[in-house]
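Please open the model in your viewer and keep the selection tool at hand. The stops below say what to select next and what can be found there.

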Amino acid sequence: MDRRELLGSVSIFSSLDDRELDRLLEATTTKRLEPKEVLFRKGDPGNQLYGILSGSLKVSTTGADGRDVMFALMGPGEVIGEIALLDAEERSASAVAVEPTELLTLHRRELIPFLERHPRAAIGLAEVLAATVRRLSERAEDRQTMPLPGRIAKGLLALSERYGKHPIVGGPVEVHLPQQDLADLVGTTRESVNKQLRGWESEGIITIGRGRVVLDRPDALRAILDRAEG
């Protein structure tokens with residue numbers, strides 16, 4: 001995905017015409033991160049918006065018990081940093097590269113005047129913020145009400161749909177994510193995730209690899225999720 005394609009695909013800027021998009025593109029730069037490299041930490045100044053061109057980012061914070069709480073795994077085409085960018089407050093979470101990652105960056109001093117001149121883009125940004133709040137609310141509800149097998153199944157299915165890879169066309173889908181990150185995402189311990197994954201592997205539902213999970217029978221995971229939601 002190139003910079004122009006990314007900008008045009010983001011809902012914030014989807015209403016812009018070609019000339020407006022080109023003008024905004026001139027104000028952007030790119031940034032590269034190595035695996036486990038920190039993009040920003042909770043409490044850092046929020047003065048840049050980032051769009052993911054390639055790779056992925058883990059967005060998390062530290063809970064009161066000292067454990068990581070993972071908000072999201074983000075991939076190509078997604079935008080991060082919009083909340084702190086708008087209110088000029090500190091970052092509310094930390095972002096770390098999961099794999100080699102390339103980012104498009106847009107500074108607050110460029111974006112705010114642009115939004116003032118283009119109210120349609122401001123409305124798009126409001127929609128992104130609303131979607132973020134809705135997603136976090138849903139995840140908090142899941143952690144309170146959904147049994148752990150359902151949460152893990154839901155997490156794996158969502159990750160496979162957004163970031164899954166098919167080494168063999170038409171074959172099983174692979175999700176590349178360490179078990180600790182999956183545990184942080186669903187709000188449990190790595191040991192609990194590993195125990196559940198091992199059980200599913202013995203049933204032929206998944207195959208566990210180093211830093212990855214292969215979904216051999218996604219239909220079985222959907223059935224587990226359906227029972228948990230029902």
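Begin with a sheet of three strands: in this predicted model, 3 strands form an open sheet in the order β9-β11-β10, and their pairing is antiparallel. Select residues 173-176 for β9 and residues 206-209 for β10, and you will have the two edges of the sheet, where each strand has a single partner, so that one side of each is left without a neighbour in the sheet. If you look from strand to strand, neighbouring strands of this sheet are turned by 20 degrees against each other on average, when direction is ignored.

Now add residues 212-215, which are strand β11, and follow how β10 and β11 pair in the antiparallel sense over 4 bridges. One place to look is G209, which stands opposite R212 in β11. As a general point, strands of a sheet pair through backbone hydrogen bonds, either parallel or antiparallel. Keep these two strands on display and select residues 190-202 as well, since this is helix α8, which lies across β10 and β11 and runs at about 125 degrees to β10.

The next stop is another open sheet, this one of 4 strands in the order β2-β7-β4-β5, with antiparallel pairing. Which strands stand at its edges? Select residues 38-40 and residues 68-74, and you will see β2 and β5 there, each with a single partner strand, so one side of each has no neighbour in the sheet. The twist in this sheet averages 30 degrees from one strand to the next.

Within this sheet, select residues 57-62, which form strand β4, and trace its antiparallel pairing with β5 over 6 bridges. V59 is a useful residue to label here, as V59 stands opposite A72 in β5. Then bring in residues 179-186, which are helix α7; this helix lies across β4 and β5 and runs at about 100 degrees to β5.

From there, move to the loop between β1 (29-33) and β2, and select K36, which lies in it. Most residues other than glycine have a negative phi, but the phi of K36 is near 75 degrees, a positive value in a residue other than glycine. Is K36 buried or exposed? Its relative accessible area is 73%, and K36 is therefore exposed, given that the cut-off for exposed is over 50%.

For a helix with two distinct faces to examine, select residues 108-117, which are helix α4, and colour its buried residues L111, I112, F114 and L115. Seen down the axis of α4, these buried residues fall within an arc of 165 degrees, so they line one face of the helix. If you turn to the face that points away from the buried side, you will find the exposed residues R109, E116 and R117.

Finally, clear the selection and view the whole protein chain, whose secondary structure comes to 9 helices and 11 strands. The radius of gyration of the chain is 19 Å, close to the 17 Å that the globule rule gives for 230 residues, so the chain is as compact as a globular protein of that length. Along its principal axes, the C-alpha trace spans about 55 × 45 × 35 Å. Of the 230 residues, 43% are buried, and the chain exposes about 12100 Å², of which carbon and sulfur atoms supply 49%. Among the contacts with a separation of 6 or more, 68% are between residues 24 or more positions apart.

Technical notes:
Residues are numbered from 1 along each chain as its sequence is written. This is a predicted model: local features need pLDDT of at least 70, side-chain atom pairs count only at pLDDT 80 or more; totals for chains, interfaces and linings use all residues. Side-chain values use heavy atoms; hydrogens and water are left out. Two strands pair if DSSP finds at least two bridges between them. Axes are lines fitted to C-alpha atoms, for helices over the stretch in contact, and angles run from 0 to 180 degrees between N-to-C directions. Contact means heavy atoms within 4.5 Å. Buried means under 20% relative accessible area, exposed over 50%, partly exposed in between (1.4 Å probe, protein chains only). The arc is that of the directions from the helix axis to the C-beta atoms. The radius of gyration is taken over C-alpha atoms; the globule rule is 2.2 Å times the number of residues to the power 0.38. Accessible areas come from the Shrake-Rupley method with a 1.4 Å probe; for residues, only the protein chains shown count as cover.
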